[in-house]
Amino acid sequence: MKKALFFCVLILICIASAAQSVYFTRTGHIYFISQTDVIDIDANNNQVASFFDIETGKLQFAVLVKSFEFSLATAKEHFNESYMESDKFPKATFKGKIIDIEEIDLKAPGIYQVDVTGDLSVRGITKTIEVPAEVQVANNTISAKSEFVLTIADFNIKVPKVVKHRVAKQVTVNVNMDYAPYKK
Amino acid sequence: MSIWIKIFFRIFVVIILSCYASIAQEDDWDTLLDQELEKTKIIETAAFKSSRVLNGLSIENLPEKGLDLRIAHRFAEFNTTENNFLGLDEASTYFGFYYGITDRINVGIARATYNQTNYGFAKYALLRQSSGKKNIPLTLVLTSSVSYTSKKYSEQKRDKDFNSRFDYTYQLLIGRKFSDRISLQLAPTMVHRNLVETKEENNDLFALGIGGRFLITKRVAFNVEYYWVLNNVARYGYDFYDPVALGFDIQIGSHVFQLMVTNVAAMTENKFVGETTSNFFDGDIRFGFNISQIFSLGKTKD
(Lines give C-alpha, C1' and ligand atoms only; values in the text may rest on other atoms or scores of the structure.)
Protein backbone atom coordinates (compact mmCIF):
# COMPACT_ATOMS: atom_id res chain seq x y z
CA MET A 1 0.00 0.00 0.00
CA LYS A 2 2.83 2.29 0.85
CA LYS A 3 4.23 1.66 -2.60
CA ALA A 4 0.99 2.73 -4.18
CA LEU A 5 0.90 5.89 -2.14
CA PHE A 6 4.47 6.69 -3.07
CA PHE A 7 3.59 6.07 -6.72
CA CYS A 8 0.68 8.49 -6.43
CA VAL A 9 2.78 11.23 -4.96
CA LEU A 10 5.43 10.72 -7.60
CA ILE A 11 2.88 11.10 -10.41
CA LEU A 12 1.41 14.18 -8.77
CA ILE A 13 4.80 15.82 -8.63
CA CYS A 14 5.44 14.95 -12.27
CA ILE A 15 2.14 16.50 -13.36
CA ALA A 16 2.63 19.57 -11.23
CA SER A 17 6.00 20.29 -12.74
CA ALA A 18 4.89 19.50 -16.30
CA ALA A 19 1.85 21.72 -16.12
CA GLN A 20 3.67 24.65 -14.59
CA SER A 21 6.22 25.00 -17.34
CA VAL A 22 3.65 25.99 -19.96
CA TYR A 23 2.59 29.63 -20.09
CA PHE A 24 -0.14 31.15 -22.19
CA THR A 25 -1.76 34.43 -23.19
CA ARG A 26 -4.74 35.36 -25.29
CA THR A 27 -4.23 39.11 -25.12
CA GLY A 28 -0.70 39.53 -26.38
CA HIS A 29 0.13 42.80 -28.07
CA ILE A 30 1.74 43.40 -31.45
CA TYR A 31 2.41 46.89 -32.77
CA PHE A 32 3.95 47.76 -36.11
CA ILE A 33 4.81 50.98 -37.86
CA SER A 34 5.69 51.89 -41.43
CA GLN A 35 7.55 55.19 -41.49
CA THR A 36 8.09 57.35 -44.57
CA ASP A 37 8.71 61.04 -45.09
CA VAL A 38 5.11 61.42 -46.18
CA ILE A 39 3.21 59.43 -43.60
CA ASP A 40 3.51 57.07 -40.65
CA ILE A 41 1.10 54.16 -40.69
CA ASP A 42 0.81 52.13 -37.51
CA ALA A 43 -1.42 49.42 -36.12
CA ASN A 44 -2.11 47.60 -32.87
CA ASN A 45 -3.37 44.15 -32.13
CA ASN A 46 -4.35 43.07 -28.63
CA GLN A 47 -5.69 39.66 -29.57
CA VAL A 48 -2.49 37.69 -30.04
CA ALA A 49 -2.59 34.10 -28.76
CA SER A 50 0.65 32.50 -27.65
CA PHE A 51 2.14 29.52 -25.82
CA PHE A 52 5.54 29.54 -24.14
CA ASP A 53 7.23 26.58 -22.51
CA ILE A 54 9.72 27.90 -20.01
CA GLU A 55 11.45 24.52 -19.65
CA THR A 56 12.22 23.89 -23.29
CA GLY A 57 12.06 27.47 -24.55
CA LYS A 58 9.49 26.47 -27.14
CA LEU A 59 7.43 29.43 -28.27
CA GLN A 60 4.41 29.74 -30.54
CA PHE A 61 2.28 32.72 -31.67
CA ALA A 62 -0.88 33.02 -33.74
CA VAL A 63 -2.86 36.07 -34.75
CA LEU A 64 -5.66 36.92 -37.17
CA VAL A 65 -4.47 39.53 -39.66
CA LYS A 66 -7.90 41.16 -39.75
CA SER A 67 -7.72 41.99 -36.05
CA PHE A 68 -5.07 44.70 -36.48
CA GLU A 69 -6.54 48.11 -35.72
CA PHE A 70 -5.07 51.16 -37.44
CA SER A 71 -5.01 54.68 -36.12
CA LEU A 72 -5.22 56.07 -39.65
CA ALA A 73 -8.68 55.98 -41.22
CA THR A 74 -9.04 53.68 -44.25
CA ALA A 75 -5.63 52.07 -43.68
CA LYS A 76 -7.23 48.91 -42.29
CA GLU A 77 -9.21 48.32 -45.45
CA HIS A 78 -6.18 48.70 -47.71
CA PHE A 79 -4.06 46.55 -45.41
CA ASN A 80 -6.52 43.66 -45.49
CA GLU A 81 -7.79 43.94 -49.06
CA SER A 82 -4.78 44.98 -51.09
CA TYR A 83 -1.64 44.13 -49.17
CA MET A 84 -2.27 41.18 -46.87
CA GLU A 85 -5.18 39.55 -48.74
CA SER A 86 -6.60 38.55 -45.38
CA ASP A 87 -9.45 36.49 -46.78
CA LYS A 88 -6.93 34.26 -48.52
CA PHE A 89 -4.33 34.28 -45.72
CA PRO A 90 -6.30 34.88 -42.51
CA LYS A 91 -3.60 34.19 -39.94
CA ALA A 92 0.01 34.94 -39.23
CA THR A 93 2.02 32.54 -37.04
CA PHE A 94 5.40 32.17 -35.44
CA LYS A 95 6.89 28.88 -34.27
CA GLY A 96 10.24 28.95 -32.60
CA LYS A 97 12.26 28.78 -29.44
CA ILE A 98 14.47 30.77 -27.15
CA ILE A 99 18.01 29.69 -27.97
CA ASP A 100 19.57 30.41 -24.58
CA ILE A 101 16.63 29.23 -22.46
CA GLU A 102 18.89 27.68 -19.80
CA GLU A 103 19.91 31.18 -18.77
CA ILE A 104 16.41 31.92 -17.52
CA ASP A 105 15.94 30.88 -13.90
CA LEU A 106 12.31 30.72 -12.89
CA LYS A 107 13.21 30.95 -9.25
CA ALA A 108 15.15 34.18 -9.70
CA PRO A 109 12.90 37.07 -10.65
CA GLY A 110 14.64 39.45 -13.02
CA ILE A 111 15.19 40.49 -16.59
CA TYR A 112 16.96 38.19 -19.04
CA GLN A 113 18.26 39.15 -22.49
CA VAL A 114 17.81 36.24 -24.89
CA ASP A 115 17.66 35.39 -28.59
CA VAL A 116 14.64 33.89 -30.29
CA THR A 117 14.73 31.98 -33.54
CA GLY A 118 11.96 30.38 -35.52
CA ASP A 119 9.66 30.38 -38.52
CA LEU A 120 7.45 33.40 -39.18
CA SER A 121 4.54 32.75 -41.56
CA VAL A 122 2.81 35.72 -43.15
CA ARG A 123 0.70 35.61 -46.32
CA GLY A 124 1.46 31.92 -46.65
CA ILE A 125 5.20 32.58 -46.85
CA THR A 126 7.44 31.16 -44.14
CA LYS A 127 10.72 32.78 -43.26
CA THR A 128 13.22 31.90 -40.54
CA ILE A 129 14.08 34.87 -38.37
CA GLU A 130 16.33 35.45 -35.39
CA VAL A 131 15.52 38.35 -33.11
CA PRO A 132 16.59 39.59 -29.68
CA ALA A 133 14.09 39.48 -26.85
CA GLU A 134 13.79 40.45 -23.23
CA VAL A 135 12.15 38.06 -20.80
CA GLN A 136 11.05 39.25 -17.40
CA VAL A 137 10.34 36.69 -14.70
CA ALA A 138 8.12 37.74 -11.83
CA ASN A 139 5.89 35.98 -9.33
CA ASN A 140 3.83 33.51 -11.31
CA THR A 141 3.97 35.57 -14.52
CA ILE A 142 6.41 35.91 -17.35
CA SER A 143 6.51 38.79 -19.77
CA ALA A 144 8.42 38.93 -23.01
CA LYS A 145 9.31 41.85 -25.26
CA SER A 146 10.92 42.07 -28.66
CA GLU A 147 11.51 44.65 -31.35
CA PHE A 148 12.63 43.77 -34.86
CA VAL A 149 12.41 44.89 -38.46
CA LEU A 150 10.72 43.01 -41.30
CA THR A 151 11.17 43.61 -45.02
CA ILE A 152 7.74 43.52 -46.60
CA ALA A 153 9.05 42.25 -49.95
CA ASP A 154 10.15 39.05 -48.14
CA PHE A 155 6.47 38.21 -47.77
CA ASN A 156 5.62 39.06 -51.35
CA ILE A 157 3.65 42.16 -50.34
CA LYS A 158 3.37 44.34 -53.41
CA VAL A 159 2.94 48.09 -53.15
CA PRO A 160 1.36 49.85 -56.16
CA LYS A 161 3.61 52.46 -57.76
CA VAL A 162 1.27 55.38 -57.00
CA VAL A 163 1.52 54.85 -53.25
CA LYS A 164 5.15 53.67 -53.10
CA HIS A 165 6.28 56.82 -51.28
CA ARG A 166 3.66 56.24 -48.57
CA VAL A 167 4.51 52.66 -47.60
CA ALA A 168 7.91 51.84 -46.09
CA LYS A 169 9.94 48.96 -47.47
CA GLN A 170 10.67 47.86 -43.92
CA VAL A 171 8.34 47.92 -40.96
CA THR A 172 9.31 47.94 -37.31
CA VAL A 173 7.47 45.38 -35.19
CA ASN A 174 7.05 45.46 -31.42
CA VAL A 175 5.85 42.37 -29.59
CA ASN A 176 4.75 42.58 -25.97
CA MET A 177 3.44 39.52 -24.17
CA ASP A 178 2.28 38.97 -20.59
CA TYR A 179 2.07 35.26 -19.93
CA ALA A 180 0.33 33.44 -17.11
CA PRO A 181 0.59 29.72 -16.27
CA TYR A 182 -1.53 27.78 -18.71
CA LYS A 183 -4.66 26.28 -17.20
CA LYS A 184 -6.70 23.84 -19.17
CA MET B 1 -10.11 -0.10 5.61
CA SER B 2 -8.14 -1.53 2.75
CA ILE B 3 -11.25 -1.49 0.59
CA TRP B 4 -11.50 2.23 1.10
CA ILE B 5 -7.88 2.67 0.12
CA LYS B 6 -8.49 0.58 -2.99
CA ILE B 7 -11.44 2.75 -4.00
CA PHE B 8 -9.46 5.85 -3.28
CA PHE B 9 -6.60 4.55 -5.35
CA ARG B 10 -8.86 3.76 -8.29
CA ILE B 11 -10.43 7.22 -8.25
CA PHE B 12 -6.98 8.68 -8.01
CA VAL B 13 -5.78 6.76 -11.06
CA VAL B 14 -8.81 7.92 -13.08
CA ILE B 15 -8.19 11.53 -12.14
CA ILE B 16 -4.53 11.24 -13.07
CA LEU B 17 -5.32 9.60 -16.39
CA SER B 18 -7.69 12.40 -17.28
CA CYS B 19 -5.03 14.91 -16.26
CA TYR B 20 -2.56 13.19 -18.53
CA ALA B 21 -5.05 13.30 -21.36
CA SER B 22 -5.23 17.06 -20.99
CA ILE B 23 -1.45 17.37 -20.80
CA ALA B 24 -1.09 15.35 -23.97
CA GLN B 25 -3.40 17.87 -25.65
CA GLU B 26 -1.27 20.75 -24.49
CA ASP B 27 1.43 19.61 -26.82
CA ASP B 28 -0.84 20.24 -29.76
CA TRP B 29 -0.41 23.99 -29.70
CA ASP B 30 -1.43 24.39 -33.34
CA THR B 31 -4.94 23.17 -32.66
CA LEU B 32 -5.23 25.09 -29.41
CA LEU B 33 -4.09 28.33 -30.99
CA ASP B 34 -6.51 27.86 -33.88
CA GLN B 35 -9.30 27.40 -31.36
CA GLU B 36 -8.25 30.62 -29.67
CA LEU B 37 -8.17 32.51 -32.97
CA GLU B 38 -11.76 31.53 -33.63
CA LYS B 39 -12.69 33.73 -30.67
CA THR B 40 -10.96 36.78 -32.12
CA LYS B 41 -13.44 39.60 -32.56
CA ILE B 42 -13.51 40.81 -36.15
CA ILE B 43 -15.81 43.42 -37.65
CA GLU B 44 -16.23 42.92 -41.37
CA THR B 45 -15.23 45.92 -43.46
CA ALA B 46 -15.24 46.78 -47.15
CA ALA B 47 -18.53 45.12 -48.09
CA PHE B 48 -18.66 47.87 -50.71
CA LYS B 49 -15.83 50.07 -51.87
CA SER B 50 -17.73 53.30 -51.37
CA SER B 51 -20.41 55.03 -49.31
CA ARG B 52 -22.76 54.64 -52.26
CA VAL B 53 -23.49 51.41 -54.12
CA LEU B 54 -23.90 53.57 -57.24
CA ASN B 55 -26.77 55.99 -56.70
CA GLY B 56 -28.04 55.03 -53.26
CA LEU B 57 -26.24 54.87 -49.92
CA SER B 58 -24.45 51.64 -49.06
CA ILE B 59 -23.92 49.87 -45.73
CA GLU B 60 -20.27 50.91 -45.93
CA ASN B 61 -19.32 53.55 -43.39
CA LEU B 62 -16.30 55.82 -43.41
CA PRO B 63 -13.97 55.09 -40.53
CA GLU B 64 -13.62 57.61 -37.73
CA LYS B 65 -12.01 60.85 -38.95
CA GLY B 66 -12.27 59.76 -42.59
CA LEU B 67 -13.30 62.59 -44.92
CA ASP B 68 -14.72 61.68 -48.30
CA LEU B 69 -14.73 64.34 -51.02
CA ARG B 70 -17.26 63.33 -53.62
CA ILE B 71 -17.87 64.64 -57.10
CA ALA B 72 -20.46 63.04 -59.33
CA HIS B 73 -22.01 63.59 -62.77
CA ARG B 74 -24.97 62.07 -64.55
CA PHE B 75 -25.03 62.93 -68.24
CA ALA B 76 -27.94 63.14 -70.66
CA GLU B 77 -29.43 59.99 -72.17
CA PHE B 78 -27.51 58.39 -75.03
CA ASN B 79 -30.59 58.59 -77.23
CA THR B 80 -31.77 62.18 -76.62
CA THR B 81 -30.68 63.90 -79.82
CA GLU B 82 -28.37 63.21 -82.69
CA ASN B 83 -25.68 65.72 -81.83
CA ASN B 84 -25.05 65.54 -78.11
CA PHE B 85 -21.94 63.34 -78.01
CA LEU B 86 -23.70 60.36 -76.40
CA GLY B 87 -25.28 62.69 -73.86
CA LEU B 88 -21.98 63.98 -72.54
CA ASP B 89 -22.76 67.57 -73.57
CA GLU B 90 -25.16 67.96 -70.65
CA ALA B 91 -24.68 66.92 -67.07
CA SER B 92 -26.39 66.96 -63.73
CA THR B 93 -23.63 67.42 -61.19
CA TYR B 94 -23.11 66.88 -57.49
CA PHE B 95 -20.36 67.59 -55.03
CA GLY B 96 -20.22 66.96 -51.34
CA PHE B 97 -18.28 65.97 -48.26
CA TYR B 98 -18.97 62.91 -46.15
CA TYR B 99 -17.37 62.48 -42.75
CA GLY B 100 -16.94 59.69 -40.22
CA ILE B 101 -17.73 61.05 -36.74
CA THR B 102 -17.19 57.52 -35.45
CA ASP B 103 -16.95 54.17 -37.22
CA ARG B 104 -20.71 53.86 -36.64
CA ILE B 105 -21.91 57.41 -37.31
CA ASN B 106 -21.38 59.14 -40.65
CA VAL B 107 -22.75 62.45 -41.87
CA GLY B 108 -22.59 64.23 -45.19
CA ILE B 109 -23.54 67.40 -47.01
CA ALA B 110 -23.82 68.00 -50.72
CA ARG B 111 -25.03 70.32 -53.41
CA ALA B 112 -26.68 68.97 -56.54
CA THR B 113 -27.57 70.93 -59.65
CA TYR B 114 -30.74 68.89 -60.14
CA ASN B 115 -33.43 71.31 -58.86
CA GLN B 116 -30.54 73.15 -57.17
CA THR B 117 -30.75 70.90 -54.16
CA ASN B 118 -28.94 71.28 -50.86
CA TYR B 119 -28.62 67.91 -49.25
CA GLY B 120 -27.56 66.44 -45.94
CA PHE B 121 -27.61 62.95 -44.47
CA ALA B 122 -26.79 61.02 -41.33
CA LYS B 123 -26.10 57.30 -41.14
CA TYR B 124 -25.94 55.10 -38.06
CA ALA B 125 -24.74 51.50 -38.02
CA LEU B 126 -27.01 49.70 -35.52
CA LEU B 127 -25.29 46.38 -36.08
CA ARG B 128 -22.06 45.51 -37.80
CA GLN B 129 -21.37 42.12 -39.31
CA SER B 130 -18.84 40.45 -37.01
CA SER B 131 -17.30 37.09 -36.32
CA GLY B 132 -15.43 35.58 -33.42
CA LYS B 133 -16.48 36.45 -29.89
CA LYS B 134 -19.83 37.72 -31.15
CA ASN B 135 -21.27 36.33 -34.32
CA ILE B 136 -23.40 38.93 -36.11
CA PRO B 137 -24.43 37.84 -39.59
CA LEU B 138 -25.75 41.19 -40.85
CA THR B 139 -24.97 44.86 -40.95
CA LEU B 140 -27.94 47.14 -40.22
CA VAL B 141 -27.65 50.83 -41.00
CA LEU B 142 -30.28 53.51 -40.44
CA THR B 143 -30.09 56.49 -42.75
CA SER B 144 -31.96 59.74 -42.80
CA SER B 145 -31.52 62.50 -45.33
CA VAL B 146 -33.02 65.88 -45.99
CA SER B 147 -33.14 67.75 -49.28
CA TYR B 148 -33.85 71.42 -49.70
CA THR B 149 -34.82 72.54 -53.19
CA SER B 150 -33.45 76.02 -53.67
CA LYS B 151 -34.52 76.63 -57.26
CA LYS B 152 -36.67 79.65 -58.00
CA TYR B 153 -40.35 79.12 -58.84
CA SER B 154 -41.99 81.66 -61.10
CA GLU B 155 -45.17 81.58 -59.04
CA GLN B 156 -44.77 83.94 -56.03
CA LYS B 157 -46.76 81.89 -53.53
CA ARG B 158 -44.94 78.67 -54.42
CA ASP B 159 -41.58 80.39 -54.27
CA LYS B 160 -42.20 81.77 -50.77
CA ASP B 161 -43.51 78.49 -49.32
CA PHE B 162 -40.41 77.53 -47.34
CA ASN B 163 -41.71 74.21 -45.97
CA SER B 164 -42.69 72.94 -49.38
CA ARG B 165 -39.05 72.87 -50.40
CA PHE B 166 -38.11 70.03 -48.01
CA ASP B 167 -38.08 66.30 -48.75
CA TYR B 168 -37.01 63.61 -46.31
CA THR B 169 -35.75 60.08 -46.95
CA TYR B 170 -35.45 57.28 -44.42
CA GLN B 171 -33.77 53.96 -45.13
CA LEU B 172 -32.93 50.79 -43.30
CA LEU B 173 -29.97 49.21 -45.04
CA ILE B 174 -29.68 45.48 -44.41
CA GLY B 175 -26.48 44.09 -45.81
CA ARG B 176 -24.09 41.21 -45.68
CA LYS B 177 -20.66 40.50 -47.08
CA PHE B 178 -21.12 36.88 -48.12
CA SER B 179 -17.52 36.40 -49.19
CA ASP B 180 -14.59 38.58 -50.07
CA ARG B 181 -16.14 38.90 -53.52
CA ILE B 182 -19.90 39.03 -52.99
CA SER B 183 -21.88 41.55 -50.93
CA LEU B 184 -25.61 42.27 -51.03
CA GLN B 185 -27.86 44.82 -49.41
CA LEU B 186 -31.59 45.45 -49.18
CA ALA B 187 -32.84 48.97 -48.65
CA PRO B 188 -36.44 49.47 -47.55
CA THR B 189 -36.94 53.16 -48.23
CA MET B 190 -39.49 55.84 -47.43
CA VAL B 191 -39.43 59.25 -49.06
CA HIS B 192 -41.62 61.98 -47.59
CA ARG B 193 -42.22 65.05 -49.70
CA ASN B 194 -43.76 68.06 -48.02
CA LEU B 195 -45.32 69.17 -51.29
CA VAL B 196 -45.96 67.20 -54.45
CA GLU B 197 -46.64 68.62 -57.87
CA THR B 198 -50.08 67.14 -58.50
CA LYS B 199 -53.00 66.03 -56.34
CA GLU B 200 -52.71 62.42 -57.52
CA GLU B 201 -49.15 61.97 -56.30
CA ASN B 202 -48.41 60.56 -52.89
CA ASN B 203 -46.51 62.61 -50.34
CA ASP B 204 -45.04 59.40 -48.98
CA LEU B 205 -43.30 57.07 -51.38
CA PHE B 206 -42.24 53.56 -50.47
CA ALA B 207 -39.51 51.66 -52.26
CA LEU B 208 -37.33 48.61 -51.85
CA GLY B 209 -33.78 48.96 -53.01
CA ILE B 210 -31.45 46.08 -53.74
CA GLY B 211 -27.76 46.47 -54.37
CA GLY B 212 -24.92 44.06 -54.88
CA ARG B 213 -21.29 43.92 -55.75
CA PHE B 214 -19.00 41.35 -57.25
CA LEU B 215 -15.30 41.94 -56.71
CA ILE B 216 -13.50 41.08 -59.93
CA THR B 217 -9.94 41.90 -58.90
CA LYS B 218 -8.63 43.42 -55.67
CA ARG B 219 -9.23 46.90 -57.07
CA VAL B 220 -12.16 46.47 -59.47
CA ALA B 221 -15.73 45.58 -58.56
CA PHE B 222 -18.94 45.26 -60.56
CA ASN B 223 -22.02 46.75 -58.90
CA VAL B 224 -25.73 46.50 -59.60
CA GLU B 225 -28.46 48.58 -58.00
CA TYR B 226 -32.22 48.64 -58.41
CA TYR B 227 -34.97 50.45 -56.53
CA TRP B 228 -38.47 49.04 -56.81
CA VAL B 229 -40.75 52.04 -56.23
CA LEU B 230 -44.11 50.77 -54.97
CA ASN B 231 -46.56 53.66 -55.16
CA ASN B 232 -45.40 56.21 -57.68
CA VAL B 233 -48.08 57.63 -60.00
CA ALA B 234 -47.77 59.49 -63.27
CA ARG B 235 -47.46 63.26 -63.34
CA TYR B 236 -49.36 65.07 -66.12
CA GLY B 237 -49.53 61.74 -67.97
CA TYR B 238 -45.81 61.07 -67.80
CA ASP B 239 -44.76 57.93 -66.01
CA PHE B 240 -41.94 57.61 -63.51
CA TYR B 241 -39.62 54.62 -63.67
CA ASP B 242 -37.65 52.51 -61.23
CA PRO B 243 -34.01 53.57 -60.87
CA VAL B 244 -31.52 51.07 -62.27
CA ALA B 245 -27.74 51.26 -62.32
CA LEU B 246 -24.92 48.98 -63.45
CA GLY B 247 -21.34 50.00 -62.97
CA PHE B 248 -17.78 49.42 -61.95
CA ASP B 249 -15.82 50.55 -58.90
CA ILE B 250 -12.17 51.18 -59.67
CA GLN B 251 -9.95 51.77 -56.68
CA ILE B 252 -6.59 53.48 -57.01
CA GLY B 253 -5.05 54.21 -53.63
CA SER B 254 -7.55 56.27 -51.69
CA HIS B 255 -9.53 57.17 -54.84
CA VAL B 256 -12.59 55.23 -55.89
CA PHE B 257 -14.02 55.85 -59.35
CA GLN B 258 -17.53 54.58 -59.92
CA LEU B 259 -18.43 54.45 -63.60
CA MET B 260 -21.97 53.47 -64.48
CA VAL B 261 -24.85 53.31 -66.88
CA THR B 262 -28.14 54.33 -65.29
CA ASN B 263 -31.49 55.93 -65.97
CA VAL B 264 -31.11 58.30 -63.02
CA ALA B 265 -30.41 62.01 -63.46
CA ALA B 266 -30.67 63.17 -59.85
CA MET B 267 -28.23 62.08 -57.16
CA THR B 268 -30.25 62.65 -54.02
CA GLU B 269 -32.54 59.86 -52.80
CA ASN B 270 -35.73 61.95 -52.77
CA LYS B 271 -35.39 62.77 -56.46
CA PHE B 272 -34.03 59.56 -57.91
CA VAL B 273 -36.54 57.40 -56.07
CA GLY B 274 -39.41 59.76 -56.80
CA GLU B 275 -38.70 61.45 -60.10
CA THR B 276 -36.78 59.21 -62.48
CA THR B 277 -38.33 59.93 -65.87
CA SER B 278 -36.10 57.76 -68.04
CA ASN B 279 -36.98 54.16 -68.79
CA PHE B 280 -33.79 52.11 -68.58
CA PHE B 281 -35.34 49.17 -70.42
CA ASP B 282 -36.48 51.43 -73.26
CA GLY B 283 -32.93 52.58 -73.93
CA ASP B 284 -33.06 55.85 -71.95
CA ILE B 285 -29.64 55.21 -70.51
CA ARG B 286 -27.11 57.73 -69.25
CA PHE B 287 -23.46 57.53 -68.47
CA GLY B 288 -22.53 58.64 -64.99
CA PHE B 289 -19.65 58.65 -62.54
CA ASN B 290 -18.87 59.23 -58.88
CA ILE B 291 -15.38 60.17 -57.80
CA SER B 292 -14.50 59.65 -54.18
CA GLN B 293 -11.25 60.74 -52.55
CA ILE B 294 -10.86 59.77 -48.92
CA PHE B 295 -8.62 61.77 -46.59
CA SER B 296 -7.70 60.97 -43.02
CA LEU B 297 -8.15 63.90 -40.68
CA GLY B 298 -5.82 62.91 -37.91
CA LYS B 299 -5.38 59.67 -36.10
CA THR B 300 -7.87 57.84 -33.96
CA LYS B 301 -7.22 56.78 -30.40
CA ASP B 302 -5.86 53.30 -29.96
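1. Order of elements in chain A. From the N terminus on, chain A runs α-β-β-β-β-α-β-β-β-β-β. That gives 2 helices and 9 strands. The model is predicted. Of the 184 residues of chain A, 29% count as buried. Take the contacts in chain A between residues at least 6 apart in sequence: 57% of them join residues at least 24 apart.

2. The largest nonpolar core. This core has 42 residues. The residues with the most contacts inside it are A:Tyr23, A:Phe52, A:Ala62, A:Val63, A:Phe70, A:Ile142 and A:Tyr179. Strand 2 (residues 40-53) of chain A gives the most to this core, with 6 residues. A:Phe52 touches A:Tyr23, A:Leu59, A:Ile142 and A:Tyr179, with residues up to four places away in sequence left out of the count. Another core lies apart from it and has 33 residues. Among its members are B:Val191, B:Ala266, B:Phe272 and B:Val273.

3. Helix 2 of chain A. This helix spans residues 75-83. Its buried residues are A:Ala75, A:Lys76, A:His78, A:Phe79 and A:Asn80. Their cover includes strand 2 and strand 4 (69-70) of chain A. After the helix comes A:Glu85, whose phi is positive, near 50°.

4. Domains of chain B. Chain B is divided into domain 1 (2-36) and domain 2 (42-296). The centres of the two domains, taken over C-alpha atoms, are separated by 61 Å.

5. Helix 2 of chain B. Which residues of helix 2 (residues 29-37) of chain B are buried? They are B:Trp29, B:Leu33, B:Glu36 and B:Leu37. These residues lie on the same side of helix 2 of chain B because they cover an arc of only 100° around the axis. On the other side, B:Thr31 and B:Gln35 are exposed. The cover over the buried residues comes in part from chain A: it includes strand 1 (22-35), strand 2, strand 3 (58-64) and strand 5 (91-98) of that chain.

6. The barrel. Chain B holds a closed barrel of 12 strands, with antiparallel pairing. The order is 2-3-4-5-7-8-9-10-11-12-13-14. From one strand to the next, the twist averages 20°.

7. Strands 2 and 3 of the barrel. Strand 2 (residues 66-77) and strand 3 (residues 91-100) of chain B pair in the antiparallel sense over 9 bridges. B:Asp68 has its bridge partner in strand 3 of chain B, namely B:Tyr98.

8. B:Ser92. This residue is in strand 3 of chain B. Is B:Ser92 buried or exposed? B:Ser92 counts as buried, because it has 20 C-beta neighbours inside 10 Å. The cut-off for buried is 20 or more. B:Phe75 is 17 residues away along the chain, yet the two C-alpha atoms are separated by 6.2 Å. Leaving aside neighbours within four places in sequence, B:Ser92 is in contact with B:Arg74, B:Thr113, B:Tyr114, B:Ala265 and B:Ala266. B:Ala266 also appears in the core of 33 residues.

9. Strand 9 of chain B. In a regular strand the side chains alternate between the two faces of the sheet. Strand 9 (residues 182-193) of chain B shows this alternation. B:Ser183, B:Gln185, B:Ala187, B:Thr189, B:Val191 and B:Arg193 point to one face and are buried. B:Ile182, B:Leu184, B:Leu186, B:Pro188, B:Met190 and B:His192 point to the other face and are not buried. B:Val191 is also among the residues of the 33-residue core.

10. Neighbours of strand 9. Strand 8 (residues 166-177) of chain B is joined to strand 9 by 9 bridges, and the two run antiparallel. They form a hairpin with 4 residues between them. B:Gly175 stands opposite B:Gln185 in strand 9 of chain B. Between strand 9 and strand 10 of chain B there are 11 bridges, again antiparallel. Here B:Ser183 stands opposite B:Arg213 in strand 10 of chain B.

11. Strands 10 to 12. Strand 10 (residues 204-217) and strand 11 (residues 220-229) of chain B run antiparallel and are joined by 10 bridges. This pair is a hairpin with 2 residues between the strands. B:Gly211 has B:Glu225 in strand 11 of chain B as its bridge partner. Strand 11 is also joined to strand 12 (residues 244-252) of chain B, by 7 bridges and antiparallel. B:Ala221 stands opposite B:Asp249 in strand 12 of chain B.

Note on methods:
Residues are numbered from 1 along each chain as its sequence is written. Chains are lettered from A and ligands numbered from 1 in the order in which they are written. This is a predicted model: local features need pLDDT of at least 70, side-chain atom pairs count only at pLDDT 80 or more; totals for chains, interfaces and linings use all residues. Domain bounds come from an automatic or database domain assignment. A nonpolar core is a set of buried Ala, Val, Leu, Ile, Met, Phe, Trp, Tyr and Cys residues joined through C-beta atoms within 7 Å. A residue is buried if 20 or more other C-beta atoms lie within 10 Å of its own, exposed if 12 or fewer, and partly exposed in between; C-beta atoms are placed from the backbone. Two residues are in contact if their C-beta atoms, placed from the backbone, lie within 7 Å. The arc is that of the directions from the helix axis to the C-beta atoms. Two strands pair if DSSP finds at least two bridges between them. Axes are lines fitted to C-alpha atoms, for helices over the stretch in contact, and angles run from 0 to 180 degrees between N-to-C directions.
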